Amino acid sequence: MELQVSHSIFLEASMSSMIRFSTVTLVDSYVYLFPTTVTVTTSALYYLNHPDNITKLQKLREEVKAFGHELPTVSNLKNDMPLTDGVINETMRLAPIVGNVFYACKDDITFTFKEQQMQGPITFMLPFAHNYSDPQYYSNPNCFVPERWITGAPEEVSEKGRAAFKPFGMGRHLCLGYNLATLVMKSALYCFARDDTRVIEFDTVNVKPKADVFPAYSISNGFPGRVVVEKC
Ligand code: HEM
């Protein structure tokens, strides 16, 4: 089925003269759900199955096994899977799908942003993802460390690092699909990790996070991984 691009998102804020337009064109939530969550989940599986991160996958399996034979409830998915949360955050830090968000102020007004006086009409871009590899926010920025997102963990990210992390945007236009996307990705990781014998073989030489416009980063095109079931 070919999906017709009917309109771009051009949402007007009611209380100010700020409008926000996205680099992403919205057709419907199906189109959003698919490339966003599938891309991030694929990238998460790439990092988890990378030979350098075997211990991370083991830890994830332990977290998932804590549910025993019971399927996790929505409440469990939201509150009781801190490492899975960390895996998703760490994936969106290393391979963010939205690198920046554009904002436009259409009126002739002045406002202050980060102690800087701005004069409308003006369009500006917040390149959130530029901070994600900055060692002043994230130690060992190129390493996959899901634990850094767990409160109280020795590797825990600083407040500055948490504040700089905006994979779903911010403010009144924070991603509307945030909760749904997180639940979908966590469910997918649960399904993968609950089976100890299941691994995904990636060609780690040729398959790498690849930069583009949207998704800003994705794991190389094509069919990058092969699910295998290891013999016990
Ligand atoms: C990993 C998954 C996703 C990521 C990383 C993501 C990221 C983003 C970002 C960065 C924005 C711009 C926020 C801003 O302007 O500050 C946004 C907006 C939006 N997203 Fe998502 N998104 C994801 C999944 C979804 C899904 C699954 C849906 C729908 C089911 C969705 C619906 C929307 C909508 C409607 C907006 C516009 C909100 C507004 O302007 O008020 N997103 N998203």
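Here is a walk through this structure, from its overall make-up to its core and the helices around it.

Keep in mind from the start that you're looking at a predicted model. The protein has 232 residues, and 28% of them count as buried. Six helices and ten strands make up its list of elements. As for how the chain meets itself, take the contacts between residues at least 6 apart in sequence: 66% of these join residues at least 24 apart.

How far can you trust the picture? The average pLDDT is 84, and 83% of the residues score at least 70. Confidence is lowest in strand β1 (residues 10-12), with a mean of 25, and highest in helix α4, with 98. Across residues 1-29 the pLDDT stays below 50, although in the model this stretch still has 37 contacts beyond near neighbours in sequence. Where pLDDT is low, the predicted coordinates shouldn't be read in detail.

So let's turn to α4. This helix covers residues 82-94, which makes 13 residues, and it spans 18 Å from its first C-alpha to its last, close to the 18 Å expected at 1.5 Å a residue. Twelve of those 13 residues are buried, so the helix is largely enclosed by the rest of the structure. Among the buried ones are L83, T84, V87, I88 and M92, along with charged residues such as D85, E90 and R93.

Nonpolar side chains tend to be buried together in soluble globular proteins. Here, the largest nonpolar core has 36 residues, and the members touching the most others are A44, L48, L60, V87 and L189. Which elements supply at least two residues each to this core? They are α1 (29-49), α2 (54-65), α4, α6 (178-193) and β9 (217-219). The top contributor is α1, with six residues.

L60 is a handy place to see these pieces come together. Setting aside its neighbours within four places in sequence, L60 is in contact with L48, L83, T84, V87, L189 and A193. Two of the partners just named, L83 and V87, are among the buried residues of α4.

L60 also takes part in the meeting of two helices. L60, R61 and V64 in α2 meet L189, Y190 and A193 in α6. A pair of packed helices is described by the angle and the distance between their axes. For α2 and α6, the axes come within 9 Å and cross at roughly 100 degrees. The two helices are therefore roughly perpendicular to each other.

Notes
Residues numbered from 1 in each chain as written. Predicted model: local features only at pLDDT ≥ 70, side-chain atom pairs only at ≥ 80, totals over all residues. Helix = DSSP H or I, 4+ residues; strand = E, 2+ residues; numbered from the N terminus. Expected span 1.5 Å × (residues − 1). Buried ≥ 20, exposed ≤ 12 C-beta atoms within 10 Å, placed from the backbone. Contact = placed C-beta atoms within 7 Å. Core = buried A, V, L, I, M, F, W, Y, C linked by C-beta atoms within 7 Å. pLDDT = per-residue confidence, 0-100. Axes fitted to C-alpha atoms, helices over the stretch in contact; angles between N-to-C directions. Parallel < 35°, antiparallel > 145°, perpendicular 65-115°, else oblique.
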